[in-house]
Amino acid sequence: MKNIRIGTRNSPLAMWQAESVAAKLQQLGCETEIVPIVSSGDKHLDLPLYAMGITGVFTRDLDIALLQKEIHIAVHSLKDVPTQLPENVKLIAYLERDFPQDILVRSSAAKNKDLKDLKIATSSLRRRAFWAKEFPHTEFTDIRGNVQTRLRKLDEGVADATMFSRAGIERLGLPVDYEELPMMISAPSQGVVAVAGLSENVEINEIVKKISHTKTQICVEIERNFLAVLEGGCTAPIGAFAEFNENQIRFIGRLCSLDGNNCIETDEIFDYDENKNFGEEMANKILDNGGRELMDEIKKSL
C-alpha cells in the first residue's frame, strides 16, 4: 500500500502525535515516513502568541509543505488549527480525544500558596481571562515554548505556576504533579489530534479517514463551528467543550472579556441531529446575549 509522508512540528509532543497517526496507518498496511518541519511559531519564542498578528501560527508551515507536495498529510493539535483553512487543504481525520482539561503546575516554591495569590505564567488569552474571572488580582507573565521548555522556565522562577493542556503532560508521560481546574473551560477541540490533507489526494484521504473517531469528530466540529461564528480564532478568550453521551450532546461554551470581568456562558444538553449546526446555534445565543458588543470590545483592545 502507498507510502504516506507525514508532516509534523518537531517538538516532542508533536512527534508523539505524528507517531500515533503513523502507528494507526501502519495497522492498515500503509508504509509511513515522518517529516519534521520547524514552524514559524516555534522560531519566535520571545513573542506571545496573540502578538504574532495571525492565527494558525503553528500550522502555516505545514500547510505550505502540503501545498508544495512535500508531504501527503499534516498532523496537528487541533486546537492550533484555524477554523478557516487554506484553499485545497482540509481536515480528514480526528483521533479519539483523550485529555481535554486544563491543569495547573506549580513551581516547587509555590506549593502551599492559595490559588488567588499565585503569579501565573501563560500567553493564552483564554487562560488569562478565565483565571482572572475567579481571581481578578492575579499577576500574569508570558511564557512560550514546548512543554519541557515551559517546565524549565517555571523551575527557573518565571512565575509561581503555569497551565497546560493535560493531554500534553499525559501523552509524554511526564512525572509532573498537577491540579485539576474545574473553573476552566477548554479551548475548542483541545485534546484532539487531527490530520489535514489536500482535497485532491482522494486515494490517500480515503485511507486516512479510516483512522478517524466519529464521536470525537462530531464534538469538535460543534466546538469549531461555535468558534468560527464568534470569530475568535486565537484572538479572543473563548472556551468550548462538547461531549457525546448516547445520542445526546452536552455543550459548554464561554466568551469572556480580556480581563475576565464580563463573561457570557451557555451549558445545554440536546439530542444530536446530523442536519443541525449546533455550534452555530450556541454561538448565536452567546452573541444575542451581549456577545456581539463583547467581541467588538475585544477586537478594539487587540
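**Helix H1 and a three-stranded sheet**

In this predicted model, helix H1 covers residues 12-27, and its length makes for a simple check. With 1.5 Å for each residue, its 16 residues should span 22 Å, and the C-alpha atoms at its two ends sit 23 Å apart, so the two values agree. Just after H1 comes glycine 29, with a positive phi near 95°.

What does H1 tuck away? Its buried residues are Leu13, Ala14, Gln17, Ala18, Ser20, Val21, Ala22 and Leu25. An α-helix makes a turn every 3.6 residues, so residues three or four places apart point the same way. The buried residues of H1 pack against quite a list of partners: the strands S1 (3-8), S2 (31-36), S3 (73-77) and S10 (193-198), along with the helices H6 (166-172) and H7 (202-208).

Further along the chain there is an open sheet of 3 strands, ordered S11-S12-S13 and paired in the antiparallel sense. Its edges are S11 (238-245) and S13 (263-271), each of which pairs on one side only. On average, neighbouring strands here are turned by 5° against each other, ignoring direction. Between S12 (residues 248-256) and S13, the antiparallel pairing runs over 9 bridges. As for glutamine 248, its bridge partner in S13 is aspartate 271.

Two helices lie across strands of this sheet. Helix H4 (residues 125-134) lies across S11, S12 and S13, and runs at about 85° to S12. Helix H9 (residues 278-301), for its part, lies across S12 and S13, running at about 175° to S13.

Methods:
Residues are numbered from 1 along each chain as its sequence is written. This is a predicted model: local features need pLDDT of at least 70, side-chain atom pairs count only at pLDDT 80 or more; totals for chains, interfaces and linings use all residues. Side-chain values use heavy atoms; hydrogens and water are left out. Helices (H or I, at least four residues) and strands (E, at least two) are DSSP runs, numbered from the N terminus. The expected span of a helix is 1.5 Å times one less than its number of residues. Buried means under 20% relative accessible area, exposed over 50%, partly exposed in between (1.4 Å probe, protein chains only). Contact means heavy atoms within 4.5 Å. Two strands pair if DSSP finds at least two bridges between them. Axes are lines fitted to C-alpha atoms, for helices over the stretch in contact, and angles run from 0 to 180 degrees between N-to-C directions.
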